[in-house]
Amino acid sequence: MGRKEEDDCSSWKKQTTNIRKTFIFMEVLGSGAFSEVFLVKQRVTGKLFALKCIKKSPAFRDSSLENEIAVLKKIKHENIVTLEDIYESSTHYYLVMQLVSGGELFDRILERGVYTEKDASLVIQQVLSAVKYLHENGIVHRDLKPENLLYLTPEENSKIMITDFGLSKMEQSGVMSTACGTPGYVAPEVLAQKPYSKAVDCWSIGVITYILLCGYPPFYEETESKLFEKIKEGYYEFESPFWDDISESAKDFICHLLEKDPNERYTCEKALRHPWINGNTALHRDIYPSVSLQIQKNFAKSKWRVSCPLLGSGDWWQFPLPGRADWGLSHYVIPGVQAWNMSNSSLPVQTWHLP
């Protein structure tokens, strides 16, 4: 629709023979299978950025990078990390990203000391606003989870930012079919291998809201196959005593987002009008003791920090192989294809299939 030339990322890349002539590398922020993220300072302006360095490799799919760039170029929202620039050398692609320095959502909750439903409501309101903007622009994130929600600055009133658009998709026909996402946050229709729509993002927001109010996920099982079955059934509970002090309004809000039928599930627009978000029903009662304890118990960083949130992940799933504790959460799994360990390349490649 008149955007073909604009969306061609090859016309937007700046060629470089030495990226260090443009940026001073200060520290490593994260690393992945094909990329590293550095804190850098632009030599001319002195501004700080996060520089995502993607090594060119036959194993790396340029189409995934092109998709991520096309999505990031198209969006501009106060709660979404910004792609500032892109460079290319003979060996690497370099994505210059807005620096998000306020830390991860769970870390901020644990640091607070006092935490209420209203605090959670304000976070979800920002997430809904950003995702509503994405959906209005024909973009589905497809991998919303707490690890991809960062604070812009360390200040107490900092905005929340959505990061990691490696799995995002520009919705054209209105439906998608590629199975992708992070287990525990994936909508039932994706696991059922049915065509799906932007409603999958709203399901993920429902899961995040649930976690923010109790500190543990609504769907949890010891094996992936059992987890997937529970999600496909759409079965979850508000267990006592963890939910005893949570408002009925909050539970109602979650129920509308964790609706198994995507056609009945709340859209972002409807969710933003719910009284738990737009009214005064979110309680100010301190739930920090219970929630913080459960977050530490169920989301220890060794379990939930898969990779730097600024690192894209292509169309890959990320979770442990059954019976392989040595693989931890530091490997990627491509459904129906292969899995390999990023930290120990001598381990054998394994094949895994969706249940």
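Helices and strands here are DSSP runs, numbered from the N terminus. Keep in mind that this is a predicted model.

**View 1. Thr16, tucked into a loop.** Start with Thr16, which sits in the loop that links β1 (14-15) to β2 (23-31). Buried means under 20% relative accessible area, and Thr16 comes in at 14%, so Thr16 counts as buried. Look at what the side chain is doing: it reaches the backbone nitrogen of Asn18 at 3.2 Å. If you skip the neighbours within four places in sequence, Thr16 is in contact with Tyr87, Glu88, Ser89 and Tyr94.

**View 2. Lys56, a position flagged in a database.** Now hop over to Lys56, which UniProt lists as a "binding site" in an unreviewed entry. You'll find Lys56 in the loop between β4 (48-55) and α2 (62-74). Is Lys56 buried or partly exposed? With 29% relative accessibility, Lys56 counts as partly exposed. The side chain of Lys56 makes a polar contact with the side chain of Glu88, at 2.7 Å. Setting aside neighbours within four places in sequence, Lys56 is in contact with Glu88, Ser89, Ser90, Thr91, His92 and Tyr93. Glu88 and Ser89 might ring a bell: they are among the contacts of Thr16 too.

**View 3. Helix α3 and the glycine after it.** Helix α3 covers residues 105-112, and its buried residues are Leu105, Phe106, Asp107, Arg108 and Ile109. Right after α3 comes Gly113, with a positive phi, near 90°.

**View 4. The largest nonpolar core.** In soluble globular proteins, nonpolar side chains tend to be buried together. Here, the largest nonpolar core has 81 residues, and those with the most contacts inside it are Ile124, Leu128, Ile205, Leu212, Leu213 and Trp276. Helix α6 (residues 199-214) supplies the largest share of this core, 11 residues. Where does this core lie relative to domain 1 and domain 2? Domain 1 (15-98) and domain 2 (103-168 + 181-303) both give residues to it, so the core lies between them.

**View 5. Zooming in on Leu212, then on a second core.** Not counting residues up to four places away in sequence, Leu212 touches Leu105, Phe106, Ile109, Tyr115, Ala120, Val123, Ile124 and Val291. Three of those names, Leu105, Phe106 and Ile109, you've already met as buried residues of α3. There is also a second, separate core of 11 residues, including Ile19, Val40, Leu51 and Cys53.

Key:
Residues numbered from 1 in each chain as written. Predicted model: local features only at pLDDT ≥ 70, side-chain atom pairs only at ≥ 80, totals over all residues. Heavy atoms only, no water. Helix = DSSP H or I, 4+ residues; strand = E, 2+ residues; numbered from the N terminus. Buried < 20%, exposed > 50% of the residue type's maximum accessible area, 1.4 Å probe, protein only. Polar contact = N/O pair within 3.5 Å; in protein donor to acceptor, adjacent residues only side chain to side chain. Contact = heavy atoms within 4.5 Å. UniProt positions renumbered as here; feature names shortened; annotations may be inferred. Core = buried A, V, L, I, M, F, W, Y, C linked by side-chain atoms within 4.5 Å. Domains from an automatic or database assignment.
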